[in-house]
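Here is a short tour for anyone about to load a new model into their favourite viewer. Have the chains on screen, and let us walk through the contacts together.

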Amino acid sequence: MRRPGAIFHFLACLLTVFAAVAFTNRLFGEDDSPRSVADGVDRIISEALKAEKVETTALVSDEEFLRRVSLDLTGTVPSPDELTLFTLDPGPSKRSSRISSLLASEDYPETWGRYWRDVIAYRSQDQRFGIVREQLRRWIRDQLREDRGWDKIAVDLLTATGDINTNGQTGLVLAQMGEANELAAETSRLFLGIQLQCAQCHDHPYDRWKREEFHQLAAFFPRLRIRRKEGTEGGQRQFEIVATDSSARSFQRQQAAQGNFSKRYGDPSTWVERYDRNSDGTVSMREVPKALSGLFGRFLRAGDKDKDRHLSAGEIKAVASMAMSRPRNRGSGEHYMPNLENPQSRGTLIHPEFFVTRKSPGERIDDADRRQALGGFLTGKDNPWFARALVNRVWKELLGKGFVEPIDDMGPDRSPDYPEALDLLAEGCRQNGYSLKWLLSAITLTETYQRKIREPSPSPEAPSFAAVTCSRMSAGKLYRTIVRVLELRPDRFPGSSSRGRGPRNSLESNFERIFGFDPSTPTEDVAGTIPQALFLMNSPIITQAIRSSGDTMLARLLGSYKDDRLVFDELYLKAHSRRPTAGEWEIFSKYRKSVPDRGEVFEDLLWSLVNSTEFISER
Amino acid sequence: MKMNSGQEPYEQAGVFAGLSRRGFLGSVGATGVGAAAAGSLGLRDLVALRAEDLQKKGMSVIVLWMQGGPSQFETFDPKPGHDNGGPTEAIKTVVPGIRIAEHWPLVAEHMKDIALVRSMTNREGNHQRATYQLHTGYAPTGSVKHPSLGSLISKEVGDASHDLPQFVAIGSSRGLSGISGGFLGVGYDPFSVSSPDRPPENTKVSAGKARLDRAIGLLNNLEGEFAGSGAGDRVKEHRALYAKARKLATSKRLEAFNIAGESEKTRELYGDGSFGKGCLLARRLVEAGVTYIEVRSNGWDTHNDNFERISTLAGGVDRGYAALIADLRDRGMLEQTLVLWMGEFGRTPRINGRTGRDHYPRVFNLAISGGGVKGGQVIGSSTDDGSSVKDRPVKVEDLFSSVCYALDVDTDKEHNSPLGRPLKIVDGGETMLELFS
């Protein structure tokens, strides 16, 4: 070589080439790449379907694919231009390229941030949740943007502590009021897909879970509390999560001291026996030992009904039982399983143990250690349910139906459809650091995901995934789609606040209010409601936005194209992301004859498109 | 009778609605029962005999909901002779022996039609949880969303084919977001009317009925393509939903939501406040065929300035409540309409440092009229210092049992939660038979 630098230059180029090849190999050929896992999943499912002689539907067209994957990954429909470009693109791997670029866009973390927020929010039992709702969405969005592993996100959500108002990470703990039993139930549902809460009060009626196992999970959470922040008054709603470790320790010291005390001076019920020196059936201050005088004084104040400064056995008993009826476990920092036969009693002390792997972090340990340990157990290699729950949930979100339904009711007593496919995806996801982008790629690359829709078969034994299941758009997606299609300007609507106070009465929050639903609900249980229909049919927002005159999308379109056929096609491309069929044009032509006004006719058409089942369906 | 899972539409609502073992066998008569026992009359025949009766029963429920927890001391269980009673005086009512707090003079005049329950007792002191429990009869748990009583009753007793929604909520839904159709489905959620002065949201067909019908026709024709491509059931459901929405938006009965249609005399009776107007709207909706209506009053969470604030709040509620009873009675509707006045808990006997009272579920009160209830009586009592139940404690399930009794709804009927757990309409509970004897 003539110049020494040239070698390095050459090597650098070589390295770049190798890196590119390696990268492409990762995407298109190595063992746990999304592509090869997708192929594996397809193989398993199509073989099973062939064996049952079930016909699958065809793969979706490019237009259908683009609409479906855009909604699924970025929460809105493609524009007519994007559609045209995509359908004309001759590249053989355009679908997988499109998947990658959608996942790289900013809309991906935005839309999936809303999804995970809703998963948590719709199960919130705390009326203060509104304080942290928006922060939670932003925090999740930020994690997703960096493709932080779901295991890390889960641990962060479970171990959150400190200020609530500014820290979205605390959203899950707040949603469950910081209560041990509620947190146990939600941890199990969300991160394991196992419904454990039936076992809170009795051994689960048909699953294997025992009552003790539920409470062992709750025992990871007894040392946290949500309280008003120091120095804030009633009006300002500022809260924080705190650990009660120090008060737990002092409680334990107090208990020990009391134990020693009782050993020396006896149970109050024995006082008359021990100290009634003048045998009048009562005990007075003079008769008790000095060390007992404090406690005796309190007993006197509480129970000396006849005010004679003496306590009879009966009066002593009454005070003792009053004390018993107050819960003696508060502040103990430990979890007690209530005694169902004797609810007034303390219950059984339970130490934390993770029911899936039987691992425990030790006894009487601090809050941070407990919750951190639980995070580790949940996401450890020996717990297969963490990855399975994630895969099942995301699969259902993309295909309309999970391997197990309802999606958060899995566990060893359920039989998933295609368990090998589920495990292939779960293992691949785990190997890739629980990357959500990896999982979304793997699923959307499958042929199974890309099948046309078909109604679920009436027979429950009919195998799933021969087709994709039609399902309804979430409120957030519908909002964005309408804004895009009708070219709305949300900032122009009354109630939308630009003063940073949050979108309380904004157009988007109205959509949430009217169209929102819990994303964990099975698809067939998500039905349209009258207020939803009324909104799309009659609301001034919609009726004004579809007008054929003024500053509207339709007015602009009618102005640009004199040919009605072109307007018709363009409206279908915008609203339904596809070209209309000949049959649809026929119907419209006939309709046109009965309505002389061009503007009116197209208003009616646009109204129909927005009010159709197809418009509100995600796939 | 088929035990439907809670998720399937109750197709035969018209005939089977409100069918309860007790009421049913009672009315068929001895020979009918005998014949049934002998096996010669099938269930279908028995039902046919009763069908007309069932349709005619047509009872309704109006709940006057005081959000925040109304103080029993300043409503219907004053304690003027005790420190805990604060400055609140008691006034006589038209029923000798029954006194209520001074803020309710108009209600006092109608005490003959009102039964008071002064021994309500519960364990929930948290707004959200107590509100949920007082609406569903169950304590909230993360695992299942219980349907509210309004959803259950409108399903059992209501007319599914009616133009108007059978469960309507009037007023702000702040603090009441947990109240829904639960696992019965969104179709049984309350239909919300935020203000009695305005028609329900989005029911105004700005372009006119003819154009709406025309557009719906176009929509249905165009949807054929999508239906054929594998979404047939969805399209069918969608069409049925739109037909129902259209029916509501174009219904003449929608006029029931317009209180301006009332005479000036009536409107004066109910007053100008939004609660009073809400009561007037409720009466109109009952007449129009709605089964269950909740009229909401907010602001009863008086942790500070308890006495001042209640004095202000009670003005509108006293007027509306009294007007409603009087109006229902004058129109001969009181027998068929159960009216329940209540909140999610009561308030502390001890007055706190801010002249307020805090949450207190241990003993609180409510008031019931109409629907066959014998007014002019008090059920249960609280101790002299108002700190606990003195006699005849009444739990939430007992209250709900009594409501179902009045409406002839079978409390033992079970629905299945989405996880397969059977849940009765009311879990346990004993009807307060004194209400009806």
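With which side chain does the side chain of B:Arg347 make a polar contact? The partner is the side chain of B:Thr302, at 3.3 Å. Please keep in mind that this is a predicted model. The points below start from that arginine, then move to the interface, the salt bridges, one enclosed helix and the cysteines.

**A buried arginine in chain B**

- B:Arg347 sits in strand 9 of chain B, which covers residues 346-347.
- The relative accessible area of B:Arg347 is 0%, so this residue counts as buried.
- Besides the contact with B:Thr302, the side chain of B:Arg347 reaches the backbone oxygen of B:Arg357 at 2.9 Å.

**Where chain A meets chain B**

- On the chain A side 54 residues are in contact, and they face 47 residues of chain B.
- Together the two chains bury about 4,400 Å² between them, and carbon and sulfur atoms give 57% of that area.
- Three residues, A:Glu455, A:Leu534 and A:Thr613, supply 13% of what chain A buries against chain B, more than any other three residues.
- Five salt bridges are counted between chain A and chain B.
- One salt bridge joins B:Glu201 to A:Arg513, with the closest N and O atoms 3.0 Å apart.
- Polar contacts across this interface come to 13 residue pairs, with both residues at pLDDT 80 or more.
- Several helices of chain A give two or more residues to the side that touches chain B, among them helix 21 (507-515), helix 26 (582-594) and helix 27 (598-610).
- Helix 22 of chain A gives the most to that side, with seven residues.
- Sorted by class, the side of chain A that touches chain B has 21 nonpolar, 17 polar and 16 charged residues.

**Salt bridges within the chains**

- Over all chains, the structure holds 75 salt bridges.
- In chain A, the side chains of A:Asp423 and A:Arg388 form a salt bridge at 2.7 Å, N to O.
- That pair links distant parts of the chain: A:Asp423 belongs to helix 18 (residues 419-431) and A:Arg388 to helix 17 (residues 384-399) of chain A, 35 residues apart.
- A:Asp423 has 33% relative accessibility and therefore counts as partly exposed, while A:Arg388, at 18%, counts as buried.
- A:Arg592 and A:Asp564 also pair through their side chains, in a salt bridge of 2.7 Å, N to O.
- Because A:Arg592 lies in helix 26 and A:Asp564 in helix 25 (residues 564-576) of chain A, this pair ties together parts that are 28 residues apart in sequence.
- Here A:Arg592 is partly exposed, with a relative accessible area of 29%, whereas A:Asp564 is buried at 14% relative accessibility.
- In chain B, the side chains of B:Arg283 and B:Asp327 meet in a salt bridge of 2.8 Å, N to O.
- B:Arg283 is in helix 11 (residues 274-288) and B:Asp327 in helix 12 (residues 306-330) of chain B, so their salt bridge ties together parts that are 44 residues apart in sequence.
- Both B:Arg283 and B:Asp327 are buried.
- A network of salt bridges in chain A links A:Glu106, A:Glu110, A:Glu134, A:Arg137, A:Arg138, A:Arg141, A:Asp142 and A:Arg145.

**An enclosed helix in chain A**

- Why is helix 20 of chain A described as largely enclosed by the rest of the structure? Nine of the eleven residues of this helix, which spans residues 475-485, are buried.
- Its buried residues include A:Leu478, A:Tyr479, A:Ile482 and A:Val483, and A:Lys477 is also one of them.
- After helix 20 of chain A comes A:Glu487, whose phi is positive, near 50°.

**Cysteines**

- How many disulfides does a search of the whole structure find? The search finds zero over all chains.
- A:Cys429 counts as buried because its relative accessibility is 0%.
- B:Cys404 has a relative accessible area of 0% and is therefore buried.

Definitions and conventions:
Residues are numbered from 1 along each chain as its sequence is written. Chains are lettered from A and ligands numbered from 1 in the order in which they are written. This is a predicted model: local features need pLDDT of at least 70, side-chain atom pairs count only at pLDDT 80 or more; totals for chains, interfaces and linings use all residues. Side-chain values use heavy atoms; hydrogens and water are left out. A disulfide is a pair of cysteine sulfur atoms within 2.5 Å. Buried means under 20% relative accessible area, exposed over 50%, partly exposed in between (1.4 Å probe, protein chains only). Helices (H or I, at least four residues) and strands (E, at least two) are DSSP runs, numbered from the N terminus. A polar contact is a pair of N or O atoms within 3.5 Å; within protein, one must be able to donate a hydrogen and the other to accept it, and residues adjacent in sequence count only if both atoms are side-chain atoms. Contact means heavy atoms within 4.5 Å. Buried area is the accessible area (1.4 Å probe) that two parts lose on being put together, summed over both. A salt bridge is a side-chain nitrogen of Lys or Arg within 4 Å of a carboxyl oxygen of Asp or Glu. Ala, Val, Leu, Ile, Met, Phe, Trp, Tyr, Cys and Pro count as nonpolar, Asp, Glu, Lys and Arg as charged, and the others, Gly among them, as polar.
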